[in-house]
Each structure stands twice: as C-alpha cells, then as structure tokens.
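Trainee: I would like to learn how to read a structure like this one. Can we go through it feature by feature?

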Amino acid sequence: MISQFFVLSQRGDHIVFRDYRGEVPKGSAEIFFRKVKFWNDDEAEEAPPVFDFGYPQTTSTEVLKSYIFNEPIMVDAGRLPPLGPAAMFMQGTKRMPGTAVTKSVVATEPGGKKREEIFVDIIERISVTFSSSGYILTSEIDGTIQMKSYLSGNPEIRLALNEDLSIGRTGSSTFDYRSSSGGGTVVLDDCNFHESVHLDSFDIDRTLSLIPPDGEFPVMNYRMTQEFKPPFRVTALIEEAGPSRAEVLLKIRADFSANVTANTITVQMPVPSYTMRASFELEAGAVGQTTDFKEGSRRLEWNLKKAIAFTVLTYFFISQLQRILLCNIFYVLLWNAGNLTKEAGPVNMNFTIPMYNASKLQVRYLQIAKKSKTYNPYRWVRYVTQANSYVARL
Amino acid sequence: MAPTVPTAAKSASPSQPSGKSEVADLKQQLRQLAGSRAPDADDQRRDVFKRVISCMTAGIDVSAAFGEMVMCSATSDVVTKKMCYLYVGAHARAHPDLALLTINFLQRDCRDQDPTIRGLALRSLCSLRVPNLVEYLVTPLTTGLKDPSAYVRMIAAVGAAKLYHISATACLDADLPASLKALMLSDPDAQVVANCLHALQEIWTLEAANSESAAREIERHYIASQLYFTLLNRIKEFSEWAQCTVLELASKFLPSDNNEIFDIMNLLEDRLQHANGAVVLATIKVFLHLTMSMTDVHQQVYERIKAPLLTLVGAGSPEQSYSVLCHLHLLVMRAPMLFSSDYKSFYCQFSDPSYVKKLKLEMLTAIANESNTYEIVTELCEYAGNVDVPIARESIRAVGKIALQQYDVNAIVDRLLQFLEMDKDYVTAETLVLVKDLLRKYPQWSHDCIAVVGNISSKNIQEPKGKAALIWMLGEYSQDMHDAPYILEGLVENWDEEHSPEVRLHLLTAVMKCFFKRPPETQKALGATLAAGISDTHQDVHDRALFYYRLLQYDPSVAERVVNPPKQAVSVFADMQSSEMKDRIFDEFNSLSVPSYLFTDKDHRGPFEYSEDLTNLTVGAEDPENVISAQRYQENDNDLLLSTSDKEDNGTRVSNGSSTSSYNAPSDLISPSLLSSQPPAESALMTTGVPTSSSLSNFGLDDLLGLGVTEAPAPRPPPALTLNSKPVLDPGTFQRKWGQLALSLSQECSLSPQGAAALMNPQSLIRHMQGNYIQCIASGGQPPNYKFFFYAQKDGVTAFFLVECIINTASAKAQLKIKADDGTAAEAFSTLFQSALSKFGLS
C-alpha cells in the first residue's frame, strides 16, 4: 500500500502531495527527500482518486485517463528525453513514420479529427560476443513487441506471429547451437505477455488476441539464445608494428540484405593507457565516417552514419562485400608488448537497424475487429534491431 | 494532514501566489458565494474551489477557509462536490468541531441516487479521521457494503479499514469484518474483493497483535483453504496490484496435502508468463514456499522459474533487471548446482551497469563446478583487462574464489600467474592477495607461485593489501626465495615511507620468519625492523614489535615456535554469509530485503566479527600470568595467526575500511599481558645497533654471525625412496613419536671434509637436507659437536621417518639414529639419508 504520494518540482517543492493514511509522522518524508535527487518536472494536475487508503484501485491506464479532466499541456517533444524502447524510432530516419510515435496519446489530425491508427513495433536488442578468432561465443536477443494504439473504442485486435514459432528450448542446456541454425523455425527460450493478451488460440495458430488499452505498452517480451545470423561480423586485430607503434585493424562486415540500412553506428575500442597518438587510415571513398582518438578515456572511436550492405549483382546471387577500415595507432611502448591484447579492447559496437530483425520473428497479420465497413485504421508494423552488447574480443 | 513546506518558502517563488493574502481573498469570495442564487453561482464556486484546491496541493495552508468551504458545500454540481470532499477530507482532522458541520451533507449524499456521489461521500465521510464522529460512520458503511453499485462497495470495504483505525471497537461491534469476509468470498466485482482483502488483512494483523484469543480466531481464517482457492481461482480478474496481494497471501498457505499444492501451482502456472515482474516474483514466491517440503518438486520449480526470471532480467530497465537479478542471485546462492548449466546467462554484457556486473560475477563464482570452471574462468580472465577497474578487480577476485572452492586449481593458478605479467598495478595487487590465499590452502603450489612472485618488484606495488600479501609470501617462503632477506631488508629501510600499518605489521612478522629460516642473512634486518617497529607511532605495530623483541629475549626457540609453527593448510575460509541469514532473506523473497541484502550484509557481519574477537579475548585472558608456558603460547599464536589471517581475508573480500581495526585486535590482547610481566626496555633497544645479538647468545648462533652464505644448495640426488616434498609434523608429535617408536637403525657414517667445513653454519645443512625432502625439526650444539633432529615422510603414505643425527665436525663423523613408522623402509631411508648427507658441501 502507499501511505503518501508526492510529485515534486526539480527544486523539491511539492507540486502534488497526498497523505492517504495519515500515519506517517510529520517530517519523515523530508528525511527521504534529503537523500534523493529529483528530476521530475512535469505539470501535474490533481492526483486522480485511484488510491483509496493507500490501496491502488486500478492499474489500468485506460481507467486512469478517465479521471483526468484537464486539457493536457503539450510538452515540446524535443525537450523530453526519449522514453521507452520505441524511442529509437525517433532517431531521424525518413523511412519510418517516426513522428507519429512521439505524438501524445490524444492524437488529433490537423483537421481536429482523431486519426485512427495503431503501431506495432518489434524491437530487438541483440548481444553478441565474438572471440578473438571471430567465432560467436555468446549471442542473445531480448525482444519486445510494443504496441501503441490510437484506436477509438478499443476494438479487439488479433496479432499473428510465425506459425512455426516454438517456445522453450527442448535441449537440456541453453546455448546449444546445434539445433536449427538458420532453418527457418524461430525458437524462443521464453516469453511473457501483457495482461490484456488472451492466449486462447496461441498454442494452435500462434495468434494473440487482445483489447489494447490506450497508449503504449509491451504486448510480449521474449528472449532467444538460439543461434542467429548477426548483422555485423566484427574482427579486430592489434599488432606490433615497430618498437613504439602498433597497428589496429578493424574489419566490419555488414551481413544483411541490400534493402536494409544500418544507421548511427559507433565502434569503440579502448587502447593501452600509454597510447600517445593515433592516426587513422580510412578505406578509399568512405563517406559519412569520422574517426577519433579520445585521449581522456583512451579510446578509439569510429562513427558511421550509415552502413549499407555493398551488393554486387551477378547472374544469380547477391553477395555481400566487406567494408574494411584500417586505423594505425602510434603509441609508446613502456613494457613488453606481449600484453597488447590484454590492455586493449574489447571492441564494442553500437548500431540501429530499422526494418530488420535478427530473430526472424514476424507479425503475419494484424487484424482489427471492424466496427463498420468504412472503418479502416492505419496499421504500422515496424521492426528494429539495436545493439545491446556487441563485442569483439582481441 | 499538514502541508510540509512552510508558506513563507512558497511565497518566495514567483509562480506561486503569496499564501496569506490569497487565502484571505478566497475566504472573502466564498463568503459572497455562500448564499448566492445567481445563475452562474455554480460556475463561480467551481472556479474558487479550484483555486483553493490548487493552493492546497501546492502545500499552502488553506485550513483557515474551512468554515467558508462548508458553507458553500450545498451544491448539486459533481465537480464542485468532489473538490469540496477533497478539501474537507484534508482538513477535518485539524478542525474537529467544524467537521461536525460537514456530517450532515455527507450523510445526505451517501443516500444520493447517483452511485458516484454515494461513493465519493462515503469515502469523504470515512476520511475525516475525527474520533468523535465515529457514530455517524457505522450506518453508512453497513449500507455501503450492501450497495448495488460495485463502486460504493469498493469504497465501503476500504472505509471499514479506515473506521478500524479510528475506532477498532466501533468497527468490531458493527461486525464489519464478518461482512467483509462474506463479501470477499462472494462479490462479483474483483476490485471489491481486493479491497475487502486489503481491509481484512489490516484488521486481522492488528487484531492478532492485540490479543491471543483473537489471534487464534484469525488463524482459523487463514487456515481455511476455501479462502485461498476462491481468490486464486479469480486471480486473472484482479488488477496487478491486487494479484500481488493475493499471491503474497497464498505464499503463507499451509496445504493439507500435495494435491492442493499441485492444484495451486497449476492454477498459477500462467502467472509466470506475466509481463509484470512483481506478479512473476510473487508467483515464484508461492511456488518456492509451497514446495519447501518436497525436495524434488522444489528443484523442478527452480528449473521452471529460471527462464521467466532471465526474461525479466532482459526485458526491463537496468533498475528492474537489477532487482530481478538480486532475486536470481539469492536463488543461485541457495542452489548453485541447478544453475550451473546456465552460466552463459550470467556473462557480463558490455552495456550492463557495474552493479549488475558485480552481481553477475558473484553468481558466476557460485555456480562454477567441474563442468564449467574452464569456460567461466576464461570469461572472467577477459574481464580482468576491463576498462572498468572495480569490475576488473572483482573478476580477479572471482577467479581466486573459484580456485579456492574448486577443482581445476592447476589451470587457475596458471591464469593467476599470467595476471601478474599484465603489469597493471591493481591487477598485480589483487592477484598477490589471491596467490597468498591459494598458498594457504594449497601449499603444494608454492614452487610454481614463488618462482613468479619472486620476480615482482615490491616497488611496483602501491596497494597495501597487495604489498602485505607479497611480504607475507616473502616471510613464509624465504627459504625458497633466494633474495627474500634482501628484499625484506630493502623494505625495512623504507619503513618510514610505508604508510599502511597493515604492511608494517606484515613486515615485522615476515622479517621474524625469515630470520628463523636464514638467520645470518636476516639478522641485521631484524634488528633494524624491531627498532623501527618499537619506535613506530602506530600502537599495534609498536606492540607487536615489542612482543617479538621480548619473545626473542625470553627464548628464541619459543619465539621460533610462535612465529614459524608448522603450517596447516587452511581447508575452509570463513563463509561470507551465515546460512541463517540466507534463510531469513529467502523467507522475505519478493521484498526489499533481497536487493538491500547486498548493502546491509556488511552491517550484519559487523557483530559476527566482533563476537569472534570476543572468543579470542577469552583465550588470551585465560592465561595472562602463564606467559612462560610455551605450549600455551603456541596455542595462542595459532589462534592469533588463524584469526588474523581469516579476518584479513574477510576484509579483502568485503570492506577495506574495517579490516585494519579487527585485524589487529588479537595482538592487542596478548601484548598487555607481556607488558605487565616485564618492564619495558625500549631505551636499551634504541641504543644498541644490533639488539638481537645479546638475546641470541643462548641459541648458539653467536659464532655464526658475520658468516656469509655462499654455498648454494646441493643438487638433488635421484632418490630411491620417494619422499613427500612437504611433510608436516609439529614438534609435539615428533617428540611423542620419538618416545613411542623403537629404534630401527643405528649407524655411523662419515662426512666429506668440505661438508664438515660447511657445517660451520648448521643452517646450511638444514637447507641442504630440505632440498632432499628431509626436514629439520630441531638443532643445537656447540662446535665441534652438533645435534640435529630430522624427519621425513614417505610419499603418498603417512609413515614418518625420524632421525637423530649427531655430527662431530672435527672427525667428520655422524651418528645416526633412525626411527620409522614403517620399519621395513628404514634401511632404504637410511641409504637415502646418508647419500644426501655425504653430498653436503660438495657442490
């Protein structure tokens, strides 16, 4: 239960204060505040009567909304830090209806009419660790199917996933790579579902039915350790090249099809603390790439705005080429060079790939219960893959 | 209820209206509106009320307008009513007399046609918190519980709990708990049921605490399985919060048979797939607690909950992951075996915050076993080069802990030694501490470790822990490390620059140890050390130096036994947490205790450590007068060494702050007894440059002073009979055995002339024999006659050989008396012994 409820300004003033039970001694809240820093700065109206004697009476945002009578004060989206996993759609890509996602729950078209639309985002955060020889040591996908509904009247929705989707790995040990590599079937280790999801037909045809509450919520979270094809192959090499000089070779191969582009790629590599300078040598014709040596944190940084899989059309297949970048670091060797690999690295990579998902989990269809013949809301199904921990060891 | 921010502070901010004048203004306006029948009066009231409420929520004291607000409360506008209720609820307690005025209109509203107004009025009525108005509460509550609208019943249920808090007797006299229970078991609305449960739990808990008969009565409610099954069958209807409450209740259920357990578990199975972490954790708690008595099912539960927990770890924010991970950590610590195949799930990810990484490292350490040690240690070694230094340190410690608990020690020792080659100061320091611990547990690795450790320059180690560990090894293995006395001497020269008392204490002990192993080389350093130690400003260092000095003065052989007793390998290091603690936290699964356990355990360990000190204290205090008893001494000292090192170990693992004080406690306890029995003699020490020489005269070493040790140990002969390279025998056992065993062989043999000459330094013979795996337990004598007692142990068995060897350097003859546990091997041992002896001095 909740005894007291505070919404505070950044300075610590009470914007909203409620005492539900009148049992907390005066001033005890102050002790708490003294130890906490505040970041909230929202205009809040009357705390809705969702608590009675400290017991929440509902946890549904839908019901909560009905308690709010004031007109929402729109906050400039640019000022707000991105929230939630769908925030990645806000990174300026023209290909997605990115602006729609940042809209307030009360979505209105310029004409003042509500626009009927629903977004389903399949967001995957992938973790891959490559060994020094380029093998995959561990790989994992943490995925979420995020839904954002602006549909009036909360119609029922059916969301169909891959028919061959299976849940729970049969093998005794996880990370067993023998099973079904690239064989098409998607095997999730485990998943969980939002309250509103009905799983009645899930076992038969992998369909989720739900009546979505307004606003954004995760329909399903899933985890997969089945082997998958990583979007980038990373190999890194550090070698001595003279008495006080070493050469680092970073090779990143984009391993995805031509209609997909990865953006905002950052590659970082810590180098030995005695590194003095670094100079770089980019592949000829590289555009939109920057390299830097961060002296403070002893890190090499390589930023790429975009990475398109280089495609060469031959008679019957599309093949991917490598993008290779060479950076030469100069540094002063103080002790023996045998420890180079232990003091540098690992290489860490960050990226976002819209319209790509590593797990091959698909939304087969998104069905909305029709209210009338003319009712045809906008549906957006979007995929995005993001690096969580994408590491190549030296 | 009181606004906690003073009005004055408020008025300073430009956005807020200044409190006082605002309230006066509002009062004025309310008064005007009170009797107004103007057509727009309702709208005006609404506006003024809005301003009052916004002042109130901003923390301005608007209680002065109470009377005016009540006057305006007669309105039919729902919004105005709602605001009025809110205001009245907030201020009634401060104005009980005025609150009476509100009763009338609230009671009337409780009978309104609109269920919303009925509900709101009832809620406000119950929220007045004015004791003398209780009589007006009971009737509306009783009717409220039977109201056709679920909304009103919902409010009435919580209202009953509110009433109980104002006046328990009023609540019980009206028999509200019984009505609540009936409602809970039958109401079609889930939220009404949930509120009944909340209210009943509050009432029952407080009642049970009040009287024993009530407690027994209430116990009966909790035992009834009907309660649990009614609630659990409807669990999907409840809000997430209420689900958690029901699940928490279910975890206390005492099933009458196993079928009930399985029923519940089947019922709740799908809750494990819930996206809300709180629901999943609450379900897990039910599963774990229900199956406590069924070992195999309990294990299956662990298997079942692994995947949902790991999904939760991956799905949420780092903060949510952390709290789930803490629960996982608790489970891993309880049953590491069950998680051993999932070790890869606990690998650190680049993006993990350090607090998550730290937990994962602990879990990796716990689940390491034969099958996964190699992979885990390989992974941990990768982290050792991590840019995040605290995590790199943790990883190294984790490797060490795995080595201490695990099987594949050989490979791990190699890895640890590779760390030393990395030449990062913190890596070296952490590794040294671990190598020290390893050697205490596995003395057989000393050769490999010492070879590497010997190459480390003490100048490169800055951290006290690492330095202390290195010094400990220098002292302990000074016979194997060629340079040990000189390195120690160098360290002693820089005594004043050594800031850490812990290092200085270790240095004292190490020099003492080294002295007994290689006296001529260390004697000078020992004098300097003791002098420096006695003049040290740190009390513990001072005391220990004085203690050593007097011990040497009293009897060097006793001192040797105190400082260099035969070491027994430490089999178990002090456990991190008592199992009792773990159980207690497990009982509080899915509560704040689980994550906070990591922060509070330091406090919990505090008293435990203290109690350890107390036991030492009693040991030390038992015989303050009995300083003469050497046997006692040794006991004390064994205690002392053990406890100090154990504590030090704790300190290394947990906190750096507290270790120094606890570490020194035992030596504090012993030195006062010495101080009282002998007058201090610092002044003498200060003036004599080599203070130990006089005290050593009765040890028969005077004549050896100044002799350099140029002889290198002889190469080892290929032994016919293989001996244990590290036999352990303490002097007491030796003496007993010598008394018990019959003489197996008595022989006379001759020494080479070079050998006889080399015997000018008896220590060199002792070292030579040690090279042949024959240990000396005691030696003595004056030229030309020396007497040695040796012992050796047959490799692989416990059979010992004991030797008395009297050597006359003038005639270069030796008389041997051999006693053996296994008489048949005595002949072979004798040959071995003689061949070893004959090679003495030849190289």
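Trainee: How many residues does the contact take from chain B and how many from chain A?

Mentor: Keep in mind that this is a predicted model. The contact takes 58 residues from chain B and 54 residues from chain A.

Trainee: What is the area buried between chain B and chain A?

Mentor: Start with the general idea. The size of an interface is often given as the accessible area lost when the parts come together. Here about 5200 Å² is buried between chain B and chain A. Carbon and sulfur atoms give 50% of that area. Three residues stand out on the chain B side: Trp241(B), Gln273(B) and Phe350(B). They supply 13% of the area that chain B buries against chain A, more than any other three residues.

Trainee: How many salt bridges are counted between chain B and chain A?

Mentor: The count is two. Look at the side chains of Glu382(B) and Arg393(A), which form a salt bridge at 3.7 Å, N to O. Polar contacts are listed as well: 14 residue pairs across the interface, with both residues at pLDDT 80 or more.

Trainee: Which helices of chain B each supply at least two residues of the side that touches chain A?

Mentor: Among them are helix H3 (41–57), helix H9 (150–166) and helix H18 (295–315) of chain B. The largest share comes from H18(B), with seven residues.

Trainee: Now the sheet in chain A. What is the order of its four strands?

Mentor: First, the general idea. Strands of a sheet pair through backbone hydrogen bonds, either parallel or antiparallel. This open sheet of chain A has the order S11-S12-S7-S24, with antiparallel pairing. Its edge strands are S11 (197–198) and S24 (363–368) of chain A, and each pairs on one side only.

Trainee: How many bridges join strand S7 of chain A to S24(A)?

Mentor: Five bridges join them. In S24(A), Tyr365(A) stands opposite Ala160(A), and Val363(A) is the bridge partner of Leu161(A). S7(A) also pairs with strand S12 (residues 207–210) of chain A, over four bridges. On that side, Ala160(A) has Thr207(A) as its bridge partner.

Trainee: Is S7(A) mostly covered or mostly open?

Mentor: Mostly covered: four of the five residues in S7(A) are buried.

Trainee: Back to chain B. How many residues of helix H40 are buried?

Mentor: Eight of the ten residues in H40 (residues 762–771) of chain B are buried. Among them are Pro762(B), Leu765(B), Ile766(B) and Met769(B). Just after H40(B), look at Tyr773(B), which takes a positive phi of about 65°.

Trainee: Why does Leu505(B) count as buried?

Mentor: Leu505(B) counts as buried because its relative accessibility is 1%, and the cut-off is under 20%. Find this residue in helix H28 (residues 501–517) of chain B. Then look for Ala545(B): the two are 40 residues apart in sequence and 8.4 Å apart in space, C-alpha to C-alpha.

Trainee: What pLDDT does chain B average?

Mentor: Chain B averages a pLDDT of 75, and 80% of the residues score at least 70. Two stretches to check are residues 1–17 and residues 598–719 of chain B. The pLDDT is below 50 over residues 1–17, a stretch with 26 contacts in the model beyond near neighbours in sequence. Over residues 598–719 of chain B the pLDDT is also below 50, with 168 such contacts. Here is the general rule. Where pLDDT is low, the predicted coordinates should not be read in detail.

Notes: Residues numbered from 1 in each chain as written. Chains lettered and ligands numbered in written order. Heavy atoms only, no water. Buried < 20%, exposed > 50% of the residue type's maximum accessible area, 1.4 Å probe, protein only. Pairing = 2+ DSSP bridges. pLDDT = per-residue confidence, 0-100. Contact = heavy atoms within 4.5 Å. Buried area = accessible area lost by both parts, 1.4 Å probe. Salt bridge = Lys/Arg side-chain N within 4 Å of Asp/Glu carboxyl O. Polar contact = N/O pair within 3.5 Å; in protein donor to acceptor, adjacent residues only side chain to side chain.
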